[in-house]
Amino acid sequence: MKIGIVSDSHSLVRELNDLQKRHEKEVSMWIHCGDSELEKTQLESFHVVKGNCDFVDFPKEQCITTPFGQIFVTHGHHYQVKSSLIPLKYKSQEVNAKVVCFGHTHVAMAELVEDVLFINPGSIQKPRIRVEKTYCILNWDETGFSVHFYDITGQEMIDMQRTYHIV
């Protein structure tokens with residue numbers, strides 16, 4: 001199963017549509033981790049959570065059930081993600097999530113902590129640390145996870161690719 005993940009798009013519409021079209025044959029689900037600053041009708045094809053810059057009544061967080069386990073989605077500002085992943089780790093244990101998707105920091109990353117995969121796709125509008133405007137695709141099957149990051153033009157960022165095998 002391939003899942004597209006984006007966050008912190010801050011009013012971009014055309015770019016969201018472009019990346020969905022680019023990956024429409026491979027991605028079965030899209031997640032937006034908040035700060036879209038868009039209306040619900042503009043994000044109907046996404047599982048969306050509310051970020052600190054959103055004014056539409058999106059849910060604060062979501063659990064998505066997949067054939068391989070739970071995905072917990074939040075923007076991250078309620079979990080102090082700029083300081084630590086520990087609050088999110090505790091939440092992942094509460095909801096039995098195997099994958100946690102969040103935004104807020106605008107810093108692209110993927111990290112396996114114990115048995116939980118944490119993913120921040122970065123920002124397609126205002127990236128931090130790196131200059132590339134990023135989103136990612138999670139490939140999840142019974143053998144494990146691989147996370148592929150792309151810049152806004154669709155160029156894969158090979159140096160950021162991460163693969164984790166489930167034992």
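The following paragraphs lead from the overall fold of the protein chain to two of its residues, Glu 61 and Thr 74.

The structure is a predicted model. Its protein chain contains 2 helices and 11 strands. In sequence order these elements are arranged as β-α-β-β-β-β-α-β-β-β-β-β-β. The chain has 167 residues and a radius of gyration of 14 Å; the globule rule gives 15 Å for that length, so the chain is as compact as a globular protein of that length. Along the principal axes, its C-alpha atoms occupy a box of roughly 40 × 30 × 30 Å.

The interior and the surface of the chain may be considered next. Buried residues make up 52% of the 167 in the protein chain. Among contacts with a separation of 6 or more, 51% are formed by residues 24 or more positions apart. The accessible surface amounts to about 8,000 Å², and carbon and sulfur atoms contribute 50% of that area. As for charge, the protein chain carries 17 positive and 22 negative charges, whose mean positions lie 3 Å apart.

Attention now turns to Glu 61, which belongs to strand β4, spanning residues 61-66. Is this residue buried or exposed? Glu 61 has a relative accessible area of 24% and is therefore classed as partly exposed, since the term buried is reserved for values under 20%. With residues up to four places away in sequence set aside, Glu 61 touches Val 49, Phe 72, Val 73, Thr 74, Tyr 79 and Lys 91. With one of these, Tyr 79, the side chain of Glu 61 makes a polar contact of 2.7 Å. The position of Glu 61 can also be related to Met 1: the two residues are separated by 60 residues in sequence and by 22 Å in space, C-alpha to C-alpha.

Thr 74, one of the residues that Glu 61 touches, is located in strand β5, which covers residues 69-74. The relative accessibility of Thr 74 is 0%, so this residue counts as buried. Apart from neighbours within four places in sequence, Thr 74 is in contact with Cys 33, Val 49, Lys 60, Glu 61, Tyr 79, Leu 88, Cys 101, Phe 102 and Gly 103. Val 49 and Tyr 79 thus appear among the contacts of Thr 74 and also among those of Glu 61. Taken together, these values describe a partly exposed Glu 61 in strand β4 that touches Thr 74, a buried residue of strand β5.

Key:
Residues are numbered from 1 along each chain as its sequence is written. This is a predicted model: local features need pLDDT of at least 70, side-chain atom pairs count only at pLDDT 80 or more; totals for chains, interfaces and linings use all residues. Side-chain values use heavy atoms; hydrogens and water are left out. Helices (H or I, at least four residues) and strands (E, at least two) are DSSP runs, numbered from the N terminus. The radius of gyration is taken over C-alpha atoms; the globule rule is 2.2 Å times the number of residues to the power 0.38. Buried means under 20% relative accessible area, exposed over 50%, partly exposed in between (1.4 Å probe, protein chains only). Contact means heavy atoms within 4.5 Å. Accessible areas come from the Shrake-Rupley method with a 1.4 Å probe; for residues, only the protein chains shown count as cover. Lys and Arg count as positive and Asp and Glu as negative; His and the chain ends are not counted. The place of a charge is taken as NZ of Lys, CZ of Arg, CG of Asp or CD of Glu. A polar contact is a pair of N or O atoms within 3.5 Å; within protein, one must be able to donate a hydrogen and the other to accept it, and residues adjacent in sequence count only if both atoms are side-chain atoms.
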